[in-house]
Amino acid sequence: MPAKANPRNHRNNPYRMDDLATKVHSSAAGVLWRMRTEVATLVTTASLFAALDIAVTVIWGTLILVTAVTSVLVLPWTRRFLIRRAWCVISRHRMQRVFFETRMHTRSGRLSLILRIHPTEVGERALIWCRAGICFEDFEAHTGEIAAACYAREVRVERSKRWAQIVVVNIVRRDTLAAHNIIPSGLAPKQPAPQEDQITA
């Protein structure tokens, strides 16, 4: 008669899906998924260069590609769009690193999912799906770490009004209401300039 399986035996792991997710996260497929924006940009640029190489010569293809990139970077609205999207990608990677370094992950090492991140008038806004074992209070306790990692002014977190597992992280980089030119008041008394103490013999 076969012996009854011991539930405390480490071979009888009830969290096999967590172990599989951890292996995928640290594998090449997981790295490619996290770097999907960079990989897609690289593949698109290489495909365009290959298509231009077939249509025209290599020199003309290089000139066309350089001219297109320069025009995109020179125009203010396209440059602003690219910079904001680049900050979204950087913030996503930095938040994932914060989740790992501050141990805002599950027992098996699974990180919370960043479902969406998009630019706002003051920075970026990320919609995050918390894994089991992570809650809004964890994000609220680590706003300083997230702000420092994302090179931001501050970070504000919001709880979803409908689902407890959804957290909104607002990354603030710019204060649109702050005064750019400070005009000193003419009514304020002027402070006398400090004078150096004279040493007399």
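**Note on the predicted model**

1. Helix H2 (28–34) and helix H3 (36–55) each contribute at least two residues to a nonpolar patch. The patch lies on the surface, covers about 390 Å² and is built from Val-31, Leu-32, Met-35, Val-39 and Val-43. The model discussed here is predicted.

2. One member of that patch, Val-43, sits in helix H3. Is Val-43 buried, exposed or partly exposed? Its relative accessibility is 48%, so Val-43 counts as partly exposed; the exposed class starts over 50%.

3. As for the overall layout, the protein chain contains seven helices and four strands. Read from the N terminus, the order of elements is α-α-α-α-α-β-β-α-α-β-β. The protein chain has 201 residues, of which 23% count as buried.

4. Helix H5 takes in residues 76–101, which is 26 residues. At 1.5 Å a residue the expected span is 38 Å, and the end C-alpha atoms of H5 are 37 Å apart, so the two values agree.

5. Which residues of H5 are buried? They are Cys-88, Val-89, Ser-91, Arg-92, Met-95, Gln-96, Val-98 and Phe-99. As background, residues three or four places apart in an α-helix point the same way, because there are 3.6 residues a turn.

6. Searching the whole structure gives two aromatic pairs. One of them joins Phe-99 and Phe-139 in an edge-to-face arrangement, with 5.5 Å centre to centre and 85° between the planes. This pair links distant parts of the chain, since Phe-99 belongs to helix H5 and Phe-139 to helix H6 (residues 136–141), 40 residues apart. Phe-99 and Phe-139 are both buried.

7. A charged side chain also meets a ring: Arg-173 lies over the face of Trp-87, 3.8 Å from the ring centre.

8. Two backbone angles deserve a look. Most residues other than glycine have a negative phi. Arg-103 is not a glycine, yet its phi is positive, at about 60°. Arg-103 comes just after H5, in the loop between H5 and strand S1 (113–119). Arg-103 has a relative accessible area of 70%, so it is exposed.

9. Where is Tyr-151 found? Tyr-151 is in the loop that runs between helix H7 (143–149) and strand S3 (154–159). Its phi is positive too, near 55°, and Tyr-151 is likewise a residue other than glycine.

Notes
Residues numbered from 1 in each chain as written. Predicted model: local features only at pLDDT ≥ 70, side-chain atom pairs only at ≥ 80, totals over all residues. Heavy atoms only, no water. Patch = residues over 30% accessible without salt bridge, like charges linked within 9 Å, V, L, I, M, F, W, Y side chains within 5 Å. Areas by Shrake-Rupley, 256 points an atom, 1.4 Å probe, with all protein chains shown as cover. Salt bridge = Lys/Arg side-chain N within 4 Å of Asp/Glu carboxyl O. Buried < 20%, exposed > 50% of the residue type's maximum accessible area, 1.4 Å probe, protein only. Expected span 1.5 Å × (residues − 1). Phe/Tyr/Trp six-rings, centres within 6.5 Å; stacked < 30°, edge-to-face > 60°. Lys NZ or Arg CZ within 6 Å of the ring centre and 35° of its normal.
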